[in-house]
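User: I am new to this structure and would like a close look at its interior. Please take me through that one part slowly, in connected prose.

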Amino acid sequence: MITFQAIDKTNWQECINLKLKKEQEQFIASNLYSIAQVQFLERFEAKAIYDEQQMVGFTLFGLDSDDGNYWIYRFMIDERFQGRGYGTAAFNSIIDHIRQREDRTEVLMISYAPTNEQARRLYAKAGFTELGIMPWSNGEVVAKYSF
């Protein structure tokens with residue numbers, strides 16, 4: 001059972017110790033950076049992803065003030081838990097969590113490196129449609145999910 005817990009003084013160190021596979025590290029900022037970054041992002045939440053009592057991943061999402069849409073800025077599953085269904089289950093749970101929010105927008109946005117095929121497959125499977133590489137996206141593919 002996938003659940004989310006806020007990053008706080010009891011779990012932040014465990015969260016920063018989550019690791020990606022070496023070849024994935026180029027695709028996402030570290031959890032430490034993300035925890036620092038969220039301190040300056042209004043209406044964004046950093047959450048640890050749990051299976052029962054075991055932390056398996058991390059996500060950062062929220063309402064972006066630039067375009068007024070919800071965005072998933074970060075999503076990662078620790079290398080020890082990849083390939084076991086946690087990514088799909090957690091990603092779908094994030095979508096459902098945002099879907100139930102009162103301030104939900106009509107679309108949910110995400111961006112990723114064009115060479116990150118694992119992310120592309122996961123996001124497409126969840127129902128995201130690629131919009132292409134946007135001029136403001138630092139060369140990343142932008143995709144949207146319509147509620």
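What percentage of the 147 residues of the protein chain count as buried? Please go on from there to the nonpolar core and the residues that build it.

Analyst: This is a predicted model, and in it 44% of the 147 residues of the protein chain count as buried. To place the interior, it helps to begin with the chain as a whole, whose secondary structure comes to 4 helices and 7 strands, following the pattern β-α-α-β-β-β-α-β-α-β-β when read along the sequence. The C-alpha trace spans about 35 × 35 × 25 Å along its principal axes, and the radius of gyration is 14 Å, which agrees with the value near 15 Å that a compact globule of 147 residues would have. Among contacts between residues at least 6 apart in sequence, 58% join residues at least 24 apart.

In soluble globular proteins, nonpolar side chains tend to be buried together. Here the largest nonpolar core has 27 residues, and those with the most contacts inside it are I72, F75, F91, L108, I110, Y123 and F128. At least two residues of this core are supplied by each of the strands β3 (54–63), β4 (70–77), β5 (107–112) and β7 (141–146), and likewise by each of the helices α3 (86–99) and α4 (117–126). The largest share comes from α3, with 6 residues.

F91 gives a good view of how this core is joined, for, leaving aside its neighbours within four places in sequence, F91 is in contact with I72, F75, I110, L122, Y123, A126 and F128. Separate from this core there is a second one of 14 residues, which includes I35, V38, A48 and L60.

Another residue that repays attention is Y70, which has its place in strand β4. Y70 has a relative accessible area of 1%, and because anything under 20% counts as buried, Y70 is buried. Not counting residues up to four places away in sequence, Y70 touches G62, L63, I98, R101, D103, R104, T105, V107, L108 and M109; one of these, L108, is also among the residues with the most contacts inside the largest core.

Turning from the interior to the outside, the accessible surface of the protein chain comes to about 8,300 Å², of which 48% belongs to carbon and sulfur atoms. As for charge, the chain has 16 positive and 20 negative charges, and the mean positions of these two sets are 3 Å apart.

Technical notes
Residues numbered from 1 in each chain as written. Predicted model: local features only at pLDDT ≥ 70, side-chain atom pairs only at ≥ 80, totals over all residues. Heavy atoms only, no water. Core = buried A, V, L, I, M, F, W, Y, C linked by side-chain atoms within 4.5 Å. Buried < 20%, exposed > 50% of the residue type's maximum accessible area, 1.4 Å probe, protein only. Contact = heavy atoms within 4.5 Å. Rg over C-alpha atoms; globule rule 2.2 N^0.38 Å. Areas by Shrake-Rupley, 256 points an atom, 1.4 Å probe, with all protein chains shown as cover. Lys, Arg positive; Asp, Glu negative; His and termini not counted. Charge placed at Lys NZ, Arg CZ, Asp CG, Glu CD.
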